[in-house]
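Let's take a walk through a protein together. Keep the picture open as you read, and look for each part as it comes up.

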Amino acid sequence: MAQNPKSVWSWRCVGVDGTMHGINMHDACRRQHGAGLSHAAFHDERNAFSWYCY
């Protein structure tokens, strides 16, 4: 969940008890594409939805 759509740094996971936890986007890319093969980056720091894996 992006708490602020105008910040790439605002992504959080919400736990079952409602607590919010930061997300390591590099780890998220590695989980999706394989360890050592992927990295996270963004196009625009002011757009929470501009993250991508490469």
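How many aromatic pairs does the structure hold? In this predicted model, there are five of them.

Let's visit one of these pairs. Trp 9 and Phe 42 sit edge-to-face, with 5.5 Å from centre to centre and 85 degrees between the planes. Two values appear in that description because a pair of aromatic rings is described by the distance of the centres and the angle of the planes. The label edge-to-face is used because planes over 60 degrees apart count that way.

Where along the chain do Trp 9 and Phe 42 lie? Trp 9 belongs to the segment before strand 1 (12–14), while Phe 42 is found in strand 3 (residues 40–42). The two are 33 residues apart, and their pair links distant parts of the chain.

Are these two residues buried or exposed? The answer falls in between: Trp 9 has a relative accessibility of 49%, so it counts as partly exposed. Phe 42 also counts as partly exposed, because its relative accessibility is 28%. For both, the reasoning rests on the limits, since buried means under 20% and exposed means over 50%.

Trp 9 has another partner to look for. With Trp 51 it forms an aromatic pair that is edge-to-face, at 5.8 Å centre to centre and with 85 degrees between the planes. This pair, too, links distant parts of the chain: Trp 9 in the segment before strand 1 and Trp 51 in strand 4 (residues 51–53), 42 residues apart. Put the pieces together and you have one aromatic cluster, formed by Trp 9, Phe 42 and Trp 51.

Now step back to the whole chain. Which pattern does the protein chain follow along the sequence? Reading along, you meet β-β-α-β-β, which is made up of one helix and four strands. The C-alpha atoms fill a box of roughly 30 × 25 × 10 Å, taken along the principal axes.

What about the surface? Of the 54 residues in the protein chain, 20% are buried. The accessible surface comes to about 4,000 Å², and carbon and sulfur atoms account for 54% of that area.

Finally, look for the charges. The protein chain carries 5 positive and 4 negative side chains, and the centres of these two sets lie 3 Å apart.

Definitions and conventions: Residues numbered from 1 in each chain as written. Predicted model: local features only at pLDDT ≥ 70, side-chain atom pairs only at ≥ 80, totals over all residues. Heavy atoms only, no water. Phe/Tyr/Trp six-rings, centres within 6.5 Å; stacked < 30°, edge-to-face > 60°. Buried < 20%, exposed > 50% of the residue type's maximum accessible area, 1.4 Å probe, protein only. Areas by Shrake-Rupley, 256 points an atom, 1.4 Å probe, with all protein chains shown as cover. Lys, Arg positive; Asp, Glu negative; His and termini not counted. Charge placed at Lys NZ, Arg CZ, Asp CG, Glu CD.
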